[in-house]
Amino acid sequence: MTLDADEFVRRFLIHVLPDGFHRIRHYGLFANANRAANIALARRLLGVPDPAPSSSESDAATGAHENQQWNTCPCCGGRMIIVETFGPGCQPQLWPIPAIGLDSS
């Protein structure tokens, strides 16, 4: 498609937000900057008790691995959560369940 310069600029400027406007994805209840505080406030207003810590959080709370480098992903630097631990030569207990497929041929 070939456009005149005026038409191209008009179509491009449709996507530019005016001053004082912000994209919605940066705000809201689950916005990254205030997520924990907003969820805690919502729980308090609804009268819902705080969730019980999971086993992985309780392991971290007891100081099983106090070194933060141990729980850091080598690729992205994010926090890794241990799902299952098994010894050498053992098979994991949580193998994915294969989907049941029907062969209609």
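**Close-up views of a predicted three-helix model**

Asp50 is exposed, because its relative accessible area is 62%.

**View 1. Asp50 is placed in the loop between H2 and H3.** This view, like those that follow, is taken from a predicted model. With a relative accessible area of 62%, Asp50 lies above the 50% beyond which a residue counts as exposed. Asp50 and Ala40 are ten residues apart along the sequence, and their C-alpha atoms are 8.1 Å apart in space.

**View 2. The whole protein chain is built from three helices and zero strands.** Read from the N terminus on, its elements follow the order α-α-α. The protein chain has 105 residues, of which 4% count as buried. About 10,300 Å² of the protein chain is exposed, and carbon and sulfur atoms supply 59% of that area.

**View 3. Helix H2, residues 35-46, has the span expected from its number of residues.** The helix holds twelve residues, and at 1.5 Å a residue these should span 16 Å; the C-alpha atoms at its ends are indeed 16 Å apart, so the expected and modelled values agree. Just after H2 comes Gly47, a residue that takes a positive phi of about 75°.

**View 4. Phe8 and Phe12 form a stacked aromatic pair in helix H1.** The count of aromatic pairs in the model comes to one. In this pair, formed by Phe8 and Phe12, the ring centres are 6.3 Å apart and the planes make an angle of 20°, which falls under the 30 degrees required for a pair to count as stacked. Helix H1 covers residues 5-13, and because Phe8 and Phe12 are four residues apart within this helix, about one helical turn separates them. An α-helix has 3.6 residues a turn, so residues three or four places apart point the same way.

**View 5. Glu7 forms salt bridges with Arg10 and with Arg11.** A search of the whole structure finds two salt bridges. Between Glu7 and Arg10, the closest N and O atoms are 2.9 Å apart; these two residues both lie in helix H1, three residues apart, which is about one turn of the helix. The side chains of Glu7 and Arg11 also meet in a salt bridge, with 2.9 Å from N to O, and these residues are four residues apart in helix H1, again about one turn. Through salt bridges that share partners, Glu7, Arg10 and Arg11 are joined into one network. Side chains of opposite charge can pair when their charged atoms come close. Glu7 counts as partly exposed because its relative accessibility is 24%. Arg10 is likewise partly exposed, with a relative accessible area of 46%, and Arg11 counts as partly exposed at 37% relative accessibility.

**View 6. A nonpolar patch on the surface includes Leu3 and Val16.** The patch is formed by Met1, Leu3, Phe8, Val9, Phe12, Leu13 and Val16, which together have about 750 Å² of accessible area. Phe8 and Phe12, which belong to this patch, are also the two residues of the stacked aromatic pair. Leu3 is found in the segment before H1, and its relative accessible area of 32% makes it partly exposed. When neighbours within four places in sequence are left aside, Leu3 is in contact with Phe8 and Arg11; Arg11 is also a salt-bridge partner of Glu7. Val16 has its place in the loop between H1 and H2, and it counts as partly exposed because its relative accessibility is 44%.

**View 7. Thr72 lies in the segment after helix H3.** Helix H3 covers residues 55-61. With a relative accessible area of 27%, Thr72 is partly exposed, because this value falls between the 20% under which a residue counts as buried and the 50% over which a residue counts as exposed. Leaving aside its neighbours within four places in sequence, Thr72 is in contact with Gly77, Gly78 and Met80.

Notes: Residues are numbered from 1 along each chain as its sequence is written. This is a predicted model: local features need pLDDT of at least 70, side-chain atom pairs count only at pLDDT 80 or more; totals for chains, interfaces and linings use all residues. Side-chain values use heavy atoms; hydrogens and water are left out. Rings of Phe, Tyr and Trp (its six-membered ring) pair if their centres lie within 6.5 Å; planes under 30 degrees apart count as stacked, over 60 as edge-to-face and the rest as tilted. The expected span of a helix is 1.5 Å times one less than its number of residues. Patches are made of residues with over 30% relative accessible area and no salt bridge: like charges are joined within 9 Å, nonpolar side chains (Val, Leu, Ile, Met, Phe, Trp, Tyr) within 5 Å. Accessible areas come from the Shrake-Rupley method with a 1.4 Å probe; for residues, only the protein chains shown count as cover. A salt bridge is a side-chain nitrogen of Lys or Arg within 4 Å of a carboxyl oxygen of Asp or Glu. Buried means under 20% relative accessible area, exposed over 50%, partly exposed in between (1.4 Å probe, protein chains only). Contact means heavy atoms within 4.5 Å.
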